[in-house]
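Please examine the following predicted model. The account below moves from the interior to the strands and ends with a loop.

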Amino acid sequence: MKDLILTIVKPLVDHPDAVRVDLDEGTNGLTYKLSVHPEDMGKVIGKQGRVAKSIRTVVYAAAGSSQQKKIFLEIVE
């Protein structure tokens with residue numbers, strides 16, 4: 001899942017080396033925390049959050065029912 005997120009996000013940003021995805025396992029599920037360079041934050045979120053919503057949709061669809069735990073994608077500063 002981490003590779004999928006990196007594959008989607010890296011072409012969108014100007015600083016692909018600064019893209020980082022961390023995994024946080026909790027009782028509610030798995031949370032992937034995406035962090036990018038501050039200048040690229042707007043590109044990842046998009047107008048009215050459309051790009052972020054699209055990234056989440058693809059990640060959640062890829063996880064599907066194959067995961068026992070719920071998947072979350074959080075974009076952090």
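In this predicted model, isoleucine 5 is in contact with Val21, Tyr32, Leu34, Val59 and Leu73, once its neighbours within four places in sequence are left aside. Ile5 also stands out within the largest nonpolar core, which comprises 17 residues: together with Val9 and Leu34, Ile5 touches the most other members. At least two residues of this core come from each of α1 (2-9), β2 (29-35), α2 (41-45), α3 (50-63) and β3 (70-76).

Strand β2 deserves separate attention. Of its 7 residues, 6 are buried, so that β2 is mostly covered, burial being defined as under 20% relative accessible area. On one side of the pairing scheme, β2 runs antiparallel to β1 (residues 20-25), and 6 bridges join the two strands. Within this pairing, aspartate 22 has lysine 33 of β2 as its bridge partner. The connection from β1 to β2 is a hairpin of 3 residues. Strand β2 also pairs with β3, here in the parallel sense and over 7 bridges. In that pairing, leucine 30 stands opposite isoleucine 71 of β3.

The loop between α2 and α3 contains glutamine 48. The phi angle of glutamine 48 is near 55°, a positive value in a residue other than glycine. Is glutamine 48 buried or exposed? Glutamine 48 counts as exposed because its relative accessibility is 74%, the cut-off for exposure being over 50%.

Terms used:
Residues are numbered from 1 along each chain as its sequence is written. This is a predicted model: local features need pLDDT of at least 70, side-chain atom pairs count only at pLDDT 80 or more; totals for chains, interfaces and linings use all residues. Side-chain values use heavy atoms; hydrogens and water are left out. A nonpolar core is a set of buried Ala, Val, Leu, Ile, Met, Phe, Trp, Tyr and Cys residues joined through side-chain atoms within 4.5 Å. Buried means under 20% relative accessible area, exposed over 50%, partly exposed in between (1.4 Å probe, protein chains only). Helices (H or I, at least four residues) and strands (E, at least two) are DSSP runs, numbered from the N terminus. Contact means heavy atoms within 4.5 Å. Two strands pair if DSSP finds at least two bridges between them.
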